[in-house]
Amino acid sequence: MDYFILIIGFVFLIKGADLFVDGSSSIAKTFKIPPILIGLTIVAFGTSAPEAAVSINAALKGSNEIALGNVVGSNLFNFLLVIGISSIINPMKIQKGTILKEFPFAILTSIVLFILCADTSLQGAHMDVISKADGLILLSLFSVFLYYLIEMAIMSREDYKDDGEKSSLGKSIFMSIIGVLGIIYGSEWVVDASSSIAIDLGMSKNLVGLTIVAVGTSLPELVTSIVAAFKNESDIAMGNVIGSNLFNVLLVLGISSSIRPIPINPIIFVDMAFLLLVTIIIYIFAITKRTVFRSEGIFLVCLYLGYMSYIIVRN
């Protein structure tokens, strides 16, 4: 039964992502909004739903220690594996605005997160924790990000050029909703079934949580971006990754820590430092020729495999 559920889950994931990309792309054309903006908002929010569900539910149950690890692990997965595989399929062209604004904001977000977590080093506190006040800071930054997106949407309408066919608005919205439901339920089934199979094969629950569950909550970003890459919608793929990572840190951690402070395991600082380094590396790739090439994508995938090997050995 687990194997059957695993297969059905992947079918829902892939078909859901296909409908979601087509629907969101059509919505962008209907409202004369650039695909990069749709990727940063609708697609990013939809594919971040599993991370939000896991972290916020954990906070409500009083066991949100997993929230930070879930977010950092998911963001590393998005930057390394999602961008890596997407650029191997189809080199990802990056718009000038993304290089000048969204990427620097993603780097700033990683730095802010690191600073908010380093209570013992910076404030001489007895322990590191993301407090409720820290959560409000993250939510404030998220409101700034939303303001920027709204402003960008208004300004971009004047320069929009319709370059393709589009479905009716009702059909596009319906496709997007069905797509995101397929993505969310498909990823949940894949995580549950693969976790059960892994435990039956002798893997510890701790290792399953650090690998399969962490990767599973990021499957929507992976599948959606891969489908977008095949459809030559690199703006949606890149916007999905950057938007999802910003949603994860600012909104998911912001809400989770506002509900209940998040205690921090000191070893997570290594992962956060690595996340900041990875963000800078990809930014360097982007500003050289405004494209992430296949060779760079292969490097990112290898870097992720090396990181996962380190995680398994460390734990």
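Which residues make the nonpolar surface patch of about 710 Å²? Phe31, Leu169, Ile173, Phe174, Ile177, Ile178, Leu181 and Tyr185 make it. Keep in mind that this is a predicted model.

## The chain overall

Let's start with the broad view. The protein chain has 315 residues, and 51% of them count as buried. Its secondary structure comes to 13 helices and four strands.

Now for how the chain meets itself. Take the contacts between residues at least 6 apart in sequence: 85% of these join residues at least 24 apart. On the outside, the chain exposes about 14200 Å², with carbon and sulfur atoms supplying 69% of that area.

## The nonpolar patch and α8

Back to the patch we opened with. One of its members is Ile173, and this residue lies in helix α8, which covers residues 169-200. With a relative accessible area of 38%, Ile173 is partly exposed. That label fits because partly exposed runs between the buried limit, under 20%, and the exposed one, over 50%.

## Helix α5: a kink and a buried threonine

Helix α5 takes in residues 96-117, 22 residues in total. At 1.5 Å a residue it should span 32 Å, and its end C-alpha atoms are indeed 32 Å apart, so the two values agree. There is still a bend to look at: a kink of about 30 degrees lies at Glu102, shortly before the proline Pro104.

Further along, Thr109 is also found in α5. Is Thr109 buried or exposed? Its relative accessibility is 4%, so it counts as buried. As for what it meets, leave aside residues up to four places away in sequence, and Thr109 touches Leu246, Val249 and Leu250.

## Helix α10: mostly under cover

Helix α10 is made of twelve residues, 219-230. The same kind of check works here: at 1.5 Å a residue the expected span is 16 Å, and the end C-alpha atoms are 16 Å apart, so expectation and model agree.

How many of the twelve residues of α10 are buried? Ten are, so you can call this helix mostly covered, given that buried means under 20% relative accessible area. The buried set consists of Leu219, Pro220, Glu221, Leu222, Val223, Thr224, Ser225, Val227, Ala228 and Ala229. Glu221, Thr224 and Ser225 are included in that list along with Leu219 and Val223. Just after α10, have a look at the backbone of Asn232, which takes a positive phi of about 60 degrees.

Note on methods. Residues numbered from 1 in each chain as written. Predicted model: local features only at pLDDT ≥ 70, side-chain atom pairs only at ≥ 80, totals over all residues. Heavy atoms only, no water. Patch = residues over 30% accessible without salt bridge, like charges linked within 9 Å, V, L, I, M, F, W, Y side chains within 5 Å. Areas by Shrake-Rupley, 256 points an atom, 1.4 Å probe, with all protein chains shown as cover. Salt bridge = Lys/Arg side-chain N within 4 Å of Asp/Glu carboxyl O. Helix = DSSP H or I, 4+ residues; strand = E, 2+ residues; numbered from the N terminus. Buried < 20%, exposed > 50% of the residue type's maximum accessible area, 1.4 Å probe, protein only. Expected span 1.5 Å × (residues − 1). Bend = angle between axes of the 7 residues up to and from the residue. Contact = heavy atoms within 4.5 Å.
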